[in-house]
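Thank you all for coming. I would like to spend a few minutes walking through one structure, going from the surface to the interior and then to the charged pairs.

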Amino acid sequence: MPGTPPTRFVYLGPEGTFAEQALRTVPAAERGDRTPARSVGEALDAVRAGEADAALVPLENSIGGAVGVTLDELVEGDPLVITREVVLPVEFVLAARTGTTLTDVGSVAAHPQASTQCRGWLREHLPDATVVDVLSNGAAAAGAASGEYDAAICAPIGATRHRLAVLADKIADHPDAVTRFALVSRPGPPPPPTGDDLTSLAVCLAHDRVGALLAVLMELAVRGVNMTRIESRPTGEALGRYVFFLDCAGHVADVRLGEALQGLRRVCADVRFLGSYPRHRWSTAAGDQQAPAPPGLTDADYADAAAWVARLRSGELS
């Protein structure tokens, strides 16, 4: 996909889910072809096989945590890279066929995560309703539309897609909940630095080395690279063998982060680069800006130090 704007997109389906809603916030995807996939693996394999230019898959939820299957799929198979993140507010609605009222609702279709996140609202407003587990938010909306269930907990796009009336909106118990999605493509030059970027890595430790994880953290810390997330997943090889997923503030083109990557390459059993991409921005408030590097750890400081060493090697002592 390098040099060519993506036109074929695949996302974790079915239609009418938060994944589709998130994908449609990407301008190129709104104009291009969007195809639902049955699983995260299927979506990523479509990109690997060249059947799609990019895939949108969930990375983590502020309530449920990391999406383990996505992390696992990113470290298996041919490499893929994240080119963009999309952070979407999780705003569940209760939807039903036109003419239905709350007093008519005896059964509610919902994905288990959705019903869990709306447990308090259901207890207060529909204490006698039966909640039926379904495979996705889109399937819940489809079930309500067909009459199989009286109502559905779903994403707003699901209610719109299936022509359902919204009986109640913003019914999640945690109104600030969000899901973070990743737009993933085949390897190519990363998006140019914006000054507020993230770099994602998958790191395997040298298991026979004392302090291996500390060595990883020190490679970042001594260069002033802020680690915004760390997540461990079992490799499946043996008990106690893990791969660590890191999100770091900065871009692979930055001098500081580039040096940190070189250090990680030296001290780790393996490092998989998962991409450098713009950080999702909620606003332009000063508190949301990336924290400046401490004195002595800016890119300018590194360039000055490198130039000084170069002069020393050439015989200049100034």
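Let me begin with a question about a single side chain: is M218 buried, partly exposed or exposed? The model in front of you is predicted, and that applies to everything I say about it. In this model M218 has a relative accessibility of 40%, which is under the 50% that an exposed residue must exceed and not under the 20% that would make a residue buried, so M218 counts as partly exposed. M218 sits in helix 9, which runs over residues 212–221, and together with L214 and V222 it makes a nonpolar surface patch of about 280 Å². As a reminder about helices in general, there are 3.6 residues a turn in an α-helix, so residues three or four places apart point the same way.

Now let me step back to the chain as a whole. The protein chain contains eleven helices and 15 strands, and its C-alpha trace spans about 85 × 45 × 40 Å along the principal axes. Of the 318 residues, 43% are buried, while the accessible surface comes to about 15800 Å², with 54% of that belonging to carbon and sulfur atoms. If we take the contacts with a separation of 6 or more, 77% of them are between residues 24 or more positions apart.

That brings me to the interior. The largest nonpolar core has 36 residues, and those with the most contacts inside it are L56, F92, L94, L126, I153, I171 and F181. Helix 1, residues 18–23, gives this core its largest share, namely four residues. There is also a second, separate core, made of 23 residues, with V10, V40, L80 and F245 among them. To return to one residue of the larger core, what does I171 touch, once residues up to four places away in sequence are set aside? The list is F92, V93, L94, C118, W121 and I153.

Next, a few points of backbone geometry. As background, most residues other than glycine have a negative phi, and most peptide bonds are trans. Here the peptide bond from G13 to P14 is cis, with omega near 5 degrees, and P14 is found in the loop between strand 1 and helix 1. R163 is not a glycine, yet it has a positive phi of about 55 degrees; this residue lies in the loop between helix 8 and strand 10, and it is exposed, with a relative accessible area of 74%. K170, again not a glycine, has a positive phi of about 50 degrees and is placed in the loop between strand 10 and strand 11, where its relative accessibility of 56% makes it count as exposed. Towards the other end of the numbering, helix 11 covers residues 299–313, and its 15 residues should span 21 Å at 1.5 Å a residue, which agrees with the 21 Å between its end C-alpha atoms. Helix 11 is followed by G315, whose phi is positive, near 100 degrees.

Finally, the charged pairs. A search of the whole structure finds 18 salt bridges, and I will go through three. The first that I have chosen joins R161 and E15, with the closest N and O atoms 3.2 Å apart. Because R161 lies in helix 8 and E15 in the loop between strand 1 and helix 1, this pair ties together parts that are 146 residues apart in sequence. R161 is partly exposed at 31%, and E15 is partly exposed at 41%.

My next pair is E60 with R180, whose side chains meet at 3.0 Å, N to O. It links E60 in strand 3 to R180 in strand 11, 120 residues apart. Which of these is buried and which partly exposed? E60 counts as partly exposed at 22% relative accessibility, whereas R180 is buried, with a relative accessible area of 7%.

The remaining pair is E259 and R223, where the closest N and O atoms are 3.7 Å apart. E259 lies in helix 10 and R223 in the loop between helix 9 and strand 13, 36 residues apart. E259, at 31% relative accessibility, counts as partly exposed, and R223, at 11%, counts as buried. To close, salt bridges that share partners join E60, E85, R180, R229, E231 and D247 into one network.

Definitions and conventions
Residues are numbered from 1 along each chain as its sequence is written. This is a predicted model: local features need pLDDT of at least 70, side-chain atom pairs count only at pLDDT 80 or more; totals for chains, interfaces and linings use all residues. Side-chain values use heavy atoms; hydrogens and water are left out. Patches are made of residues with over 30% relative accessible area and no salt bridge: like charges are joined within 9 Å, nonpolar side chains (Val, Leu, Ile, Met, Phe, Trp, Tyr) within 5 Å. Accessible areas come from the Shrake-Rupley method with a 1.4 Å probe; for residues, only the protein chains shown count as cover. A salt bridge is a side-chain nitrogen of Lys or Arg within 4 Å of a carboxyl oxygen of Asp or Glu. Helices (H or I, at least four residues) and strands (E, at least two) are DSSP runs, numbered from the N terminus. Buried means under 20% relative accessible area, exposed over 50%, partly exposed in between (1.4 Å probe, protein chains only). The expected span of a helix is 1.5 Å times one less than its number of residues. Contact means heavy atoms within 4.5 Å. A nonpolar core is a set of buried Ala, Val, Leu, Ile, Met, Phe, Trp, Tyr and Cys residues joined through side-chain atoms within 4.5 Å.
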